[in-house]
Protein chains: 2
Amino acid sequence: MAATTPTRGGSSLPDFVTPAIGPVEAGTLARRFSALADPVRIQLLSIVASRGEVCSCDLTRPLAKSQPTISHHTTVLANAGLIVGEKRGRWTWWRLAPEARAEVRRMLGGPGS
Amino acid sequence: MAATTPTRGGSSLPDFVTPAIGPVEAGTLARRFSALADPVRIQLLSIVASRGEVCSCDLTRPLAKSQPTISHHTTVLANAGLIVGEKRGRWTWWRLAPEARAEVRRMLGGPGS
DNA sequence: CGCTTTCATCGACACCTGTGAATGTGTTGG
DNA sequence: CCAACACATTCACAGGTGTCGATGAAAGCG
C-alpha cells in the first residue's frame with residue numbers, strides 16, 4: 001500500500017468529510033465576498049470610509065463611472081449590509097453600516113497582503 | 001443655501017476626491033475577494049483548513065461537484081495564493097498557503113457576522 | 001507492456017454581472 | 001406651476017464565470 005492513502009472507503013473516517021463550514025453558511029460568506037469582488041466597489045467603500053459620509057453625486061467623478069452604474073454599486077453594497085443610505089433633501093448620503101464598520105476597515109486597510 | 005451641500009466645485013476640497021485606495025490596489029483586493037466569492041470554494045478552503053492536507057479526489061464527494069469543476073476551483077484558489085498544491089505520486093495534495101493561513105482562518109472562522 | 005487511477009485541459013453551454021443610454025420618480029428652486 | 005437636479009429603475013448588450021462531458025497526460029500497478 002502507498003505511504004499515505006487518501007480517504008477512500010477508509011474506516012477511520014466517514015465516507016465523506018464533514019465540512020467545517022456548511023453549504024448555507026458558505027453561501028452567506030460567498031455572497032458577502034461577492035460584494036467586495038469588484039474594484040469600483042472597493043474604491044467606493046474606501047471613499048465612504050475615508051470621508052465618513054458621501055452622497056452619490058460625489059462618487060461619479062472619482063470613480064469615473066456613469067450615474068446608473070454608481071447607483072447599481074451602492075445598491076449592491078447596501079444589500080450586503082456594508083453601507084447604509086439616508087435620504088436628506090434630494091441627496092442620498094452614504095456611510096458605513098455600523099455593524100460592518102470594523103470589518104470593512106479591516107478588509108480594506110488591514111493586513112490584506 | 002442648503003444646510004450641507006455636497007462637494008461640487010467647492011474650494012475646501014479638490015475637484016475630485018482622492019480615494020484612500022487607488023485603482024491598482026483596488027483591483028488587487030477585488031481579485032482576492034473574487035476567489036472567495038463562491039460557496040464551493042469557501043467549503044473547499046474550509047475542508048483544506050480543517051484537515052490540513054487534502055487531495056483532490058477527497059473533495060469531489062463532499063462538495064458534490066464533478067472532477068473538472070473541482071480542478072477548476074483548486075486552480076482559482078491556487079492562483080489567488082490561498083492554497084498550494086504538491087504532487088506526490090499520483091495525487092495532488094492541497095494545503096493552505098503559509099502566507100495566507102492566518103488571513104484565511106480569519107476570513108472563514110473570524111467575526112464574519 | 002497494457003490497464004487503471006488521478007488530475008488537468010478543452011469545448012460548450014447556461015447563467016450571472018458590470019456597464020451605460022433612456023426613462024421614471026421625487027425634490028428643490030425660481 | 002415649471003424647470004433643473006439627484007437618484008432609482010428599466011432595458012439591452014458584452015464579457016466573465018460555474019458547470020460538466022469528453023479528451024489528454026502522467027503516474028502507479030499487475
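In chain A, strand 1 and strand 3 pair in the antiparallel sense over two bridges, where strands count as paired if DSSP finds at least two bridges between them. Helices (H or I, at least four residues) and strands (E, at least two) are DSSP runs, numbered from the N terminus. The model is a predicted one, so to speak of local features takes a pLDDT of at least 70, and side-chain atom pairs count only at pLDDT 80 or more, while totals for chains, interfaces and linings use all residues. Residues are numbered from 1 along each chain as its sequence is written, chains are lettered from A and ligands numbered from 1 in the order in which they are written, and side-chain values use heavy atoms, with hydrogens and water left out.Back to that first pairing: Val54(A) stands opposite Trp94(A) in strand 3 of chain A. The sheet it belongs to is open, with three strands of chain A in the order 1-3-2 and antiparallel pairing. Strand 1 (54–55) and strand 2 (83–88) of chain A sit at the edges with a single partner strand each, so one side of each has no neighbour in the sheet. Overall, chain A has five helices and three strands, which follow the pattern α-α-β-α-α-β-β-α along the sequence. Of its 113 residues, 41% count as buried, meaning under 20% relative accessible area (exposed is over 50%, partly exposed in between; 1.4 Å probe, protein chains only). Among contacts in chain A (heavy atoms within 4.5 Å) between residues at least 6 apart in sequence, 50% join residues at least 24 apart.

Chain B also has an open sheet of three strands, in the order 1-3-2 and with antiparallel pairing. Its edge strands are strand 1 (54–55) and strand 2 (83–88) of chain B, each of which pairs on one side only. Strand 2 of chain B is joined to strand 3 of chain B by six bridges, and the two run antiparallel. In strand 3 of chain B, Leu96(B) is the bridge partner of Ile83(B), and Trp94(B) is that of Gly85(B). These two strands, 2 and 3 of chain B, make a hairpin with two residues between them, and Gly89(B) in the turn has a positive phi of about 60°.

Next comes helix 5 of chain A (residues 101–109), whose buried residues are Glu103(A), Val104(A), Met107(A) and Leu108(A). Looking down the axis of helix 5 of chain A, these buried residues fall within an arc of 120°, so they line one face of the helix; the arc is that of the directions from the helix axis to the C-beta atoms. Ala102(A) and Gly109(A), on the other side of helix 5 of chain A, are exposed. The cover over the buried residues comes from both chains: it includes helix 1 (23–36), helix 2 and strand 3 (91–96) of chain A, along with helix 1 (23–36) and helix 5 (101–109) of chain B.

On to the DNA. DNA strand C is surrounded by 22 residues, and the closest are Arg41(A), His73(A), Cys57(B), Gln67(B) and Ser71(B); a residue is near a strand if one of its heavy atoms lies within 4 Å of it. Sugar and phosphate make up 69% of the atoms of DNA strand C that come within 4 Å of the protein. Polar contacts here are pairs of N or O atoms within 3.5 Å. A side-chain N or O atom of Arg41(A) is 2.7 Å from a phosphate oxygen of DNA strand C, and one of Thr69(A) is 2.9 Å from a phosphate oxygen of that strand. Gln67(B) instead has a side-chain N or O atom 2.7 Å from a base nitrogen of DNA strand C. Helix 4 of chain A gives the most to the surface near DNA strand C, with four residues.

DNA strand D has 21 residues around it, the closest being Cys57(A), Gln67(A), Ser71(A), Arg41(B) and His73(B). Of the atoms of DNA strand D within 4 Å of the protein, 70% belong to sugar or phosphate, and the rest to bases. A side-chain N or O atom of Gln67(A) is 2.7 Å from a base nitrogen of DNA strand D. Phosphate oxygens of DNA strand D lie 3.2 Å from a backbone N or O atom of Thr92(A) and 3.3 Å from a side-chain N or O atom of Lys65(B). Helix 4 of chain B gives the most to the surface near DNA strand D, with four residues.

Technical notes:
A polar contact is a pair of N or O atoms within 3.5 Å; within protein, one must be able to donate a hydrogen and the other to accept it, and residues adjacent in sequence count only if both atoms are side-chain atoms.
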